[in-house]
Amino acid sequence: MLPLSNANLSSLSEGRKEVAVPQYDRAALRAGIVHFGVGGFHRAHQAMYLDRLMNEGKALDWAICGVGVMPADERMRQVLAAQDGLYTLVVKAPDGNLDARVIGSIVEYLYAPDDPEAVIEKMASPEIRIVSLTVTEGGYNFHSVTGEFMADNPDVQHDLTIGNQPRTTFGLITEAVERRRQRGQAPFTIMSCDNIQGNGEAARRSFVAYARLRDPALASYVAEHVEFPNSMVDRITPVTTDEDRDQVREQFGLEDGWPVVCEPFTQWALEDRFGNGRPPFEDVGVQVVPDVEPYELMKLRLLNASHQGLCYFGWLAGYRLVHDVAQDPLFARFLLAYMEREATPTLEPVPGVDLREYQHQLIDRFSNAQVRDTVARLCAESSDRIPKWLLPVIRRNLETGGDILLSTAIVASWARYDEGVDEQGRPIEVVDRLREPLMAAARKQRDEPLAFIANREVFGDLIDSERFVSAYTSVLAGLHHKGARATLEDLVSGIV
């Protein structure tokens, strides 16, 4: 068994031809990007694209220094330190074929709680020209309905207190921006890679708001001089399991503490708005475009919202793996009907994309049994996801007179799921930053059908729409009295 390390790369390339390895000299790499949130998706996506560029002899001064901020990130630091930043990316095709590649684009990893000063000075160094983020929707600290930066966040307040070492992404990055300004250095670009509509603009709002709380002059500098390109990112990347580690060990002879598995499909639409240079991403398939919005709305309202459409109904119907849900003809018909009737009418044309073909491709991607994505993963953090991915579809169709039944049914399935007990009486482990108030409301709704959607922090004024309320209460009653599968059958038979 061969542990992953720089010293063992040559042995890998000689003895295991089924595992691709970096074709570049890692000792010659220089970090040009600091990335916050080195998880599975980042390593299957941005780090992978950079590895492709480096294998072409390009972007050798754009390697990645990863940064962890959360307590859970300490384990990633340990694994990457033991493996010299290397990890195995395993692409799982629907036919069972596995394509394994060792990725070498991450050259350093810093754990901010141990040494925030090292993280700040790394970003303040002139060779860092991009700071990128995959910190999840909640990491931008804005209110899900109002969009306002939440200044009362205790960690934010800590970072704003003079003399405290910063512990948030905002505090660390903003301090680095200020040091570069004081030293007469050009600012880095802040590049969001999170699933948020207008993620660059969302990052801009949050960082400018934080900077304004610290120093209005600094806020003006950030607003005027720091670029925040929008992007759309896409690749299904389930959580790594012990089974994945065992498979890498048994099939490829590699000891990898944290490999990454993903589907073959990958997409990245990136706004060409950088203030201090960028890698030639377009050379390895990234769509570098002047306007990302058509691509991101397509992805958020078709792929991401459809994930919400299958996960709660799927869990309640007894499914635990995503491909089992998507391979069920009833669920496939429901998802396609949602995409065709309700989501697509809210979209503008997407350059170079046939939306009908894209919809059917999504069902095929969800059905990939090799990926073994879990329903539980899709059910997590719903209060961050539903307001951004699904509720805009409902609101748009309410404005235009379009159909809302199926998208509203997804909301009702979430409400039923958050009761915390499935149809067999087994407990559901709800994972959500608003877990307590949402579950408390959901448990009242058999007597008070509007209790869940009365939460204006999540749903805004939707409870004031008679059409939405009527559709919602009808589906919720079906879920309570008939169950998830029978309710879906009624929905699909009524429209297909």
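What volume does the second largest cavity have? In this predicted model, the second largest cavity has a volume of about 40 Å³. A tour of the enclosed spaces makes a good starting point, and a helix and a few individual residues then follow.

Rolling a probe the size of a water molecule over the atoms shows where empty space is left. Three cavities of 30 Å³ or more are counted in this structure. The second largest cavity is lined by Asp194, Asn195, Ile196, Gln197 and Asn199, by Ser231, Met232 and Val233, and by Glu296, Lys299 and Leu300. At least two of these lining residues come from strand S10 (231–234), and at least two come from H11. By character, the lining of the second largest cavity comprises four nonpolar, four polar and three charged residues.

The largest cavity, for its part, has a volume of about 60 Å³. Its lining is made up of Ile236, Glu263, His307, Val322, His323, Arg365, Phe366, Asn368, Val371, Arg372 and Asp373. Helix H12 (322–326) contributes at least two residues to this lining, as does H14. Four of the residues lining the largest cavity are nonpolar, three are polar and four are charged.

Two residues of these linings lead on to Asp234. Arg365, from the lining of the largest cavity, makes a polar contact through its side chain with the side chain of Asp234, at 2.9 Å. Lys299, from the lining of the second largest cavity, is among the residues that Asp234 touches. Asp234 itself belongs to strand S10 and is buried, with a relative accessibility of 2%. Leaving aside residues up to four places away in sequence, the contacts of Asp234 also include Phe41, His45, Phe265, Thr266, Gln267, Leu303 and Tyr358.

Attention can now turn to helix H22 (residues 484–493), whose buried residues are Ala484, Thr487, Leu488, Leu491 and Val492. These residues lie on the same side of H22, because they cover an arc of only 130° around the axis. An α-helix has 3.6 residues a turn, so residues three or four places apart point the same way. The partners that the buried residues of H22 pack against are four helices: H11 (293–316), H13 (329–343), H18 (405–417) and H21 (466–481).

One of these partners, H18, is also the home of Arg416. Is this arginine buried or exposed? Arg416 has a relative accessible area of 5% and is therefore buried, the cut-off for a buried residue being under 20%. A polar atom of the Arg416 side chain lies 2.7 Å from the backbone oxygen of Val421. Beyond residues up to four places away in sequence, Arg416 touches Val421, Asp422 and Glu423, together with Leu316, Gln445, Arg446, Leu476, Leu479 and His480.

Finally, two loop residues deserve a look for their backbone angles. Asp84 has a phi near 55°, a positive value in a residue other than glycine. Asp84 sits in the loop between helix H4 (73–82) and strand S5 (87–92), where its relative accessibility of 32% makes it partly exposed. Arg372, a lining residue of the largest cavity, likewise has a positive phi near 55° without being a glycine. The loop that holds Arg372 runs between helix H14 (355–366) and helix H15 (375–379). With a relative accessible area of 41%, Arg372 is partly exposed.

Methods
Residues numbered from 1 in each chain as written. Predicted model: local features only at pLDDT ≥ 70, side-chain atom pairs only at ≥ 80, totals over all residues. Heavy atoms only, no water. Buried < 20%, exposed > 50% of the residue type's maximum accessible area, 1.4 Å probe, protein only. Arc of directions from axis to C-beta. Contact = heavy atoms within 4.5 Å. Polar contact = N/O pair within 3.5 Å; in protein donor to acceptor, adjacent residues only side chain to side chain. 1 Å grid on protein atoms, 1.4 Å probe; cavity = no way out; pocket = protein on both sides within 12 Å on 5 of 7 lines; lining within 4 Å. Points joined across faces, edges and corners; volume = space filled by probe spheres on them. Nonpolar A, V, L, I, M, F, W, Y, C, P; charged D, E, K, R; others polar.
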